[in-house]
Amino acid sequence: MNLRYPFFVCLLFIGFSSSAQKELVEIKPAKPEIGEKVVISFLSKNLSIKPSLIFSYSNFFEMANTILLTQNGDYWETSFVVPRYAKYASFYIKQGDSTYRPDAKSHYELIFYKHGKPVFDTYLYKSYSLSTQMGKSDSLKIKVNQLIEKEIALYPNNYAAKLKLLANKMADDKPNAQKYLREALVLIENKLNENPTQMGNINQVTMGYLIMGENKRIDTLKAMLLKKYPKSEVAYEYLYEDAYKTKIETERIKKLEQLLAYTTDGESSTLSGIHQKLFEYYAKVKNEKKALQHARVVAAVQNPWLPKEIKELAFTLAENNLALDTALKYAEKSLKMVEEYPFGVIRYFPEYGYIPGYVANKPALIQQQTGEILSIIGNIYVRQKKYALAEEKLNQSIALSKNIAVYNNLAYLYEQTNRPKLAFDAYRKILLQMPVDSAILSSFKKNYLAYNGKFDGFEEQLTLMQQDWEKLNLPKLQAGKLNITAPMFSNVYDMKGQLVDPTVFKDKVVVLDFWATWCVPCIEGFPYMQKVYNQYAKNKDVVFMIMNSGSKNSLQDAITWVSNNKFTFPIYYNDRKLAEAFNVNTIPSTFIIDKAGKIQYKTVGFEGSIMEAKLALEIKDLLAQ
């Protein structure tokens, strides 16, 4: 378990109506093997509009979700080599306003083979895709179970497939639910006993408990493994997780340092993470010797994140004015490795190794990252009072990248060389990208005073900056308006357990945010949601519905969570039906609905602090209609 690089993946698929015949698409070979080239051809009379192949479901991590087809005679085609980790893929063809699929209840599909046999997990993955292909229907559960049974017939030892089938039976056959649960717990126990000291296997056990809704057993499992196998890789991972989550910094550091002396019977991926956290701490407290000791370990561990880690070593040393010559060497090393910089999600599977995620427009990202690293070099030169070199590097960096980090380093140069007007302008450019950053706003104000001599006119400057941000961003937001009729708000409960009258939302701008108590990114967004709520709390035309989606939560779960937190926006509960009506597959998902009952804006996932400004602007736009 590597806690240095947590990520959340959001997939949202939309079904389309059928308008084509199955024979319009041909897949060669019909049974593509792993590692073999597959060609997908689309026959179309329209040769003037380039069609796209859109994967509605796949595990092609390194490929784009949408592929433009290339004309080849009367056909449009694309080809690719089947990845070593491929399981199953479904797709449809989009050409102009027309969508092509075999029929109204399915998409085209790719089933992959190894030695003439569908690969392990093929039909399990296909079962996951069915809701996207078919939409929600009465026959969906039946077809899902049929596919899982087909997978088990091919691979009788498919642990996940067996558990999914038992979980489905539990849900559909309540009188026998305990019988299916007992069967599942035996399977999970057997999996545990296969290798109780290896983290990959324990992750499978944990997944099993989650599939069966037995989340409470995970803590018991952890306690048992720590007691029974104290020197195992699993115990080491758990102890690191515990240290990482310790809130009191001094206690956290003590636990991490104790782990450095800990010896395990197996290797662990967390050692570099421990050194990285200790490096950050000792750099912050200005202990140069210890910071550099830990930095050397981090820089020596080969992994796909190394170019990023080395850049962060340079940045952290520079920000803390430590070992600037060493910081410069790390920055220069990172610059040499920029082509390998990890821009997308990198997944690790024991059987396949590291798999990088697809990244669109990688050359542009490399250019931006080059500019950012050059700006760090410039920052280091400023700290060394080599101002001419600093200006040279920062001018190079701003020509390549105009992101916040580059402008920050440029502003620092101007501040250190007594050019407050230029520093003010640089901070203004940052605020045009991130208008709610309190630290940048403070520097913006400080440099205004430095060059203007007084604060007169500052509020006007702040207002102008906010207006310019809105002018830049409102057209982009408006271009993505959905104009979709919102479902009815039925069976919604407040935190007193009272059913809410849906008419209270009529003729209002509604901010609907789906969340759950276990959803970390949902909770991370709440402080920003609170700030937006504070702006509009007294506006009778705006209603906030912070809606517990009912996913793995009961009404009582929501009420308990609310009683232990201090957010003042109104929170509601619905038993998943409302989330399904809004086609929510990932939380947090936020919808802004206009007074006419139309969904106009939608955001999936947590976007960070920009959420505050963006959400407030969307509300402002709908109020102006």
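Student: Is Asn-583 buried, partly exposed or exposed in this model?

Tutor: In this predicted model, Asn-583 is partly exposed, because its relative accessible area is 32%, and partly exposed is the class between under 20% and over 50%. Asn-583 lies in the loop between α21 and β19.

Student: What is the phi of Asn-583, and how should I read such a value?

Tutor: The general idea is that most residues other than glycine have a negative phi. Here, phi of Asn-583 is near 60°, a positive value in a residue other than glycine.

Student: Which loop holds Lys-385, and is Lys-385 buried or exposed?

Tutor: Lys-385, which is not a glycine either, has a positive phi of about 60°, and its place is the loop between α13 (362–383) and α14 (387–400). Lys-385 counts as exposed because its relative accessible area is 61%, and the cut-off for exposed is over 50%.

Student: Now for peptide bonds: which bond joins Ile-587 and Pro-588, and where is Pro-588 found?

Tutor: As a general guide, most peptide bonds are trans. Ile-587 and Pro-588, however, are joined by a cis peptide bond with omega of about 0°, and Pro-588 is found in the loop between α21 (577–581) and β19 (589–593), the loop in which Asn-583 also lies. The peptide bond from Lys-28 to Pro-29 is cis as well, with omega near -10°, and Pro-29 sits in the loop between β1 (25–28) and β2 (37–43).

Student: Turning to the interior, how many residues has the largest nonpolar core, and which have the most contacts inside it?

Tutor: A nonpolar core is read as a set of buried nonpolar residues joined through side-chain atoms within 4.5 Å. The largest one here has 58 residues, and Tyr-330 and Ile-380 are those with the most contacts inside it. Helix α15 (residues 404–416) gives the most to this core, contributing 7 residues. Leaving aside residues up to four places away in sequence, Ile-380 touches Ala-318, Leu-324, Ala-327, Leu-328 and Ala-331. Apart from this core lies another, of 53 residues, including Trp-469, Phe-544, Ala-558 and Phe-569.

Student: What pLDDT does the protein average, and where does pLDDT stay under 50?

Tutor: pLDDT expresses the predictor's confidence in each residue, and for this protein it averages 91, with 96% of the residues scoring at least 70. Over residues 1–20, by contrast, pLDDT stays under 50, although the model has 59 contacts beyond four places in sequence for that stretch.

Technical notes
Residues are numbered from 1 along each chain as its sequence is written. This is a predicted model: local features need pLDDT of at least 70, side-chain atom pairs count only at pLDDT 80 or more; totals for chains, interfaces and linings use all residues. Side-chain values use heavy atoms; hydrogens and water are left out. Helices (H or I, at least four residues) and strands (E, at least two) are DSSP runs, numbered from the N terminus. Buried means under 20% relative accessible area, exposed over 50%, partly exposed in between (1.4 Å probe, protein chains only). pLDDT is the predictor's confidence in each residue, from 0 to 100. Contact means heavy atoms within 4.5 Å.
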